[in-house]
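Q: Please take a close look at a single strand of this model and its partners, and then set it in its surroundings.

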There are 2 protein chains.
Amino acid sequence: MATIATAAARCSSPTRSQLLTRRRLPFSVSFSSAAPPAAVAGFGWDDALRVAGDGGRGDESDLSGYFRKVDSCNRGMDKKGDFVKFVVEDQVVGYIHKGFAEHLRDFHDVFTIISGNNGSNTVENVSLQSSLRTPEDRTHAIGEVIKSLVEMIPGIRNELYPVTSSYGMPVYFSLERAAAPYFGIKAYGVHMNGYVEKDGQKFLWIGKRSDVKQTYPGMLDHLVAGGLPYGISCKENIIKECEEEAGIPRSMSTNATSVGAISYMDIEGFRYKRDVLFCYDLKLPADFLPNNEDGEVDSFRLIPVPHAANIVRRTDFFKPNCNLVIIDFLFRHGYIQPDSHGYLDLLQSLRSGDCS
Amino acid sequence: MATIATAAARCSSPTRSQLLTRRRLPFSVSFSSAAPPAAVAGFGWDDALRVAGDGGRGDESDLSGYFRKVDSCNRGMDKKGDFVKFVVEDQVVGYIHKGFAEHLRDFHDVFTIISGNNGSNTVENVSLQSSLRTPEDRTHAIGEVIKSLVEMIPGIRNELYPVTSSYGMPVYFSLERAAAPYFGIKAYGVHMNGYVEKDGQKFLWIGKRSDVKQTYPGMLDHLVAGGLPYGISCKENIIKECEEEAGIPRSMSTNATSVGAISYMDIEGFRYKRDVLFCYDLKLPADFLPNNEDGEVDSFRLIPVPHAANIVRRTDFFKPNCNLVIIDFLFRHGYIQPDSHGYLDLLQSLRSGDCS
């Protein structure tokens, strides 16, 4: 198990060039934001709470730990050139790695692979066969392809995501959630910070994911979060997830407040994640106790917001994209302040992805 | 005086292309975001409150009125090519209109005008004479130039703004506030939404600017807002402005919470405004009554947030940049919701300027 001494980052105040290059320190516990870790995260609540409560470092205005968290969700930007556009009805709906596109060549009835004219046979873009005219036809045909490629695309969830050019626009077809990054489809989600206010101090409810969860087992998480499947509004999805993930009744969850959105884009191998997360806050009664109903959360803790901030910037204990939503919370609730060096850069970096 | 019937915009639900082109409706009362209006705004509180309280239009999820307000702070983007870089110590600190640069040619001791090599004598960029080495020397020399150009640069305020490449970076010199847009200098400000919560409903304190104020006389405004002069932190500035503009004592104003930032860039004639506004919220006691102490505000009203939203999207009554800060408030407090068409576009448009 990683001890706090090795897992926590101890950072001195950054120079401007450090902020701009956002170098990562050599963490001994490091989880990818794209590929699930092979093993359960090696820390417990005691470890997390010890880092959280160490208030004596005087580094509250040092934003470098937050910058590293943004970086860890936005990797591989130098690899963009390895991807080609995935075009449906003249709209770019995704980006496909040239190597992955080679695997799609066999499916003539589904994909049209446009190659360059210079004889090099380099893929220039990918589109769908014109015979696939309806969303239903496309969904079915691509679903069959994904079944054939199951060895390349692990972790099939049997959960369909809508494929559009941007949020609220026409849905061209639906795609298995686990396959979305292989087609560079934008995926939307809802993340909620559940908090409590006592005597003017704010506290965040933090979950620890089940050790048997398929993705990011054992890591820290929001009180409530989930992908946005086809055919459900953000608000209805938050209410559903509140019930399933934290046992929050509808009478409370209808008060969940939309507060904005964050986005990131992350390239790893053939996978190009383009995620947009709609952020919500829910102020809960001080005596409310969350209760996970779907077995995906091991346990919850209520911790002071500055302590949660310490975990975000000093460790890799949170599921990577949760860090960004908590940083957004820290901005909106005044825990990150304008006179901290790098304030505006960090604020903007929370929407590094195509936020549309 | 403009009546509500002519001043308020009545908009049908927008199509996607309308959202993208963000056309402006032909308002009969229209104020520039760059040049102060020549006359006092022609409306009173009665007019504003009548538009505000008209809740029967069923257009709450129509964001087109908000898009128009963003547009009115981001004009002239097709004119960017008329400006050249203003470079100090190898950093771009601003943008100067080629026509305005011609007026700077006479001041050989202060400015270096680099012209093209093709014999056309076209200005390529503007920098400072290398003999001006210290911030003090530069501030003094440019101050003298501005005095000479007083007929071109109206509204001198004798208030100095710091000139940097981005917030928190070294200050190369200081510049008269009214001259900032002529040099395309980024200007920073603090804007605060003061609100009250009663029985779960939120209300915004709105000010009406004095009819004798030099800029935007008679228009609606935030409870507290101000430019960020040289040598004062955001937090100290908010506390100072709270006292002067609304009589809010330090014991209350220290609770003002930083919540993010908005930015815009607006070109009109020789002027290139590049403003970044740090946004604050302050939750006030229900029985607090603001009291203007510097004569800049005529009167205040406390109105329900949805009513303030109606004024923003249906009229041009607010000082233009206040609209953006109120729209940001509406996002963060859940009054603008993800399932409204154009949500993500509008959210991003609040930082259309260089937010650094």
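A: What follows is a description of one strand of chain B, its pairings, and then the cores and open sheets.

This is a predicted model, in which local features need pLDDT of at least 70 and side-chain atom pairs count only at pLDDT 80 or more, while totals for chains, interfaces and linings use all residues. Residues are numbered from 1 along each chain as its sequence is written, chains are lettered from A and ligands numbered from 1 in the order in which they are written, and side-chain values use heavy atoms, with hydrogens and water left out.

Strand β7 of chain B covers residues 186-198; strands (E, at least two residues) and helices (H or I, at least four) are DSSP runs, numbered from the N terminus. Eleven of the 13 residues of β7(B) are buried, that is, under 20% relative accessible area with a 1.4 Å probe and protein chains only, where exposed would be over 50% and partly exposed in between.

Pairing here requires that DSSP finds at least two bridges between two strands. With β12(B), residues 271-283, β7(B) runs parallel over ten bridges, and K186(B) stands opposite R274(B). With β10(B), residues 224-227, the sense is antiparallel over four bridges, V190(B) being placed opposite G226(B). The pairing with β8(B), residues 201-209, is likewise antiparallel over four bridges, and there Y195(B) faces L204(B). β7(B) and β8(B) form a hairpin with two residues between them, and D199(B) in the turn has a positive phi of about 50°.

The largest nonpolar core, a set of buried Ala, Val, Leu, Ile, Met, Phe, Trp, Tyr and Cys residues joined through side-chain atoms within 4.5 Å, has 69 residues, of which M192(A), I248(A) and F278(A) touch the most other members. Helix α10 of chain B, residues 320-332, gives the most to this core, with eight residues. Apart from it lies another core of 68 residues, which includes V190(B) of the strand described above, together with A52(A), I262(A) and A246(B) among others.

Elsewhere in chain B, an open sheet of four strands has the order β2-β1-β4-β3 with mixed pairing, and its edge strands, β2 (91-97) and β3 (111-115), each pair on one side only. Neighbouring strands of this sheet are turned by 30° against each other on average, direction ignored, with axes taken as lines fitted to C-alpha atoms (for helices over the stretch in contact) and angles running from 0 to 180 degrees between N-to-C directions. Within this sheet, β3(B) and β4(B), residues 123-128, pair in the antiparallel sense over five bridges, and S115(B) stands opposite V123(B).
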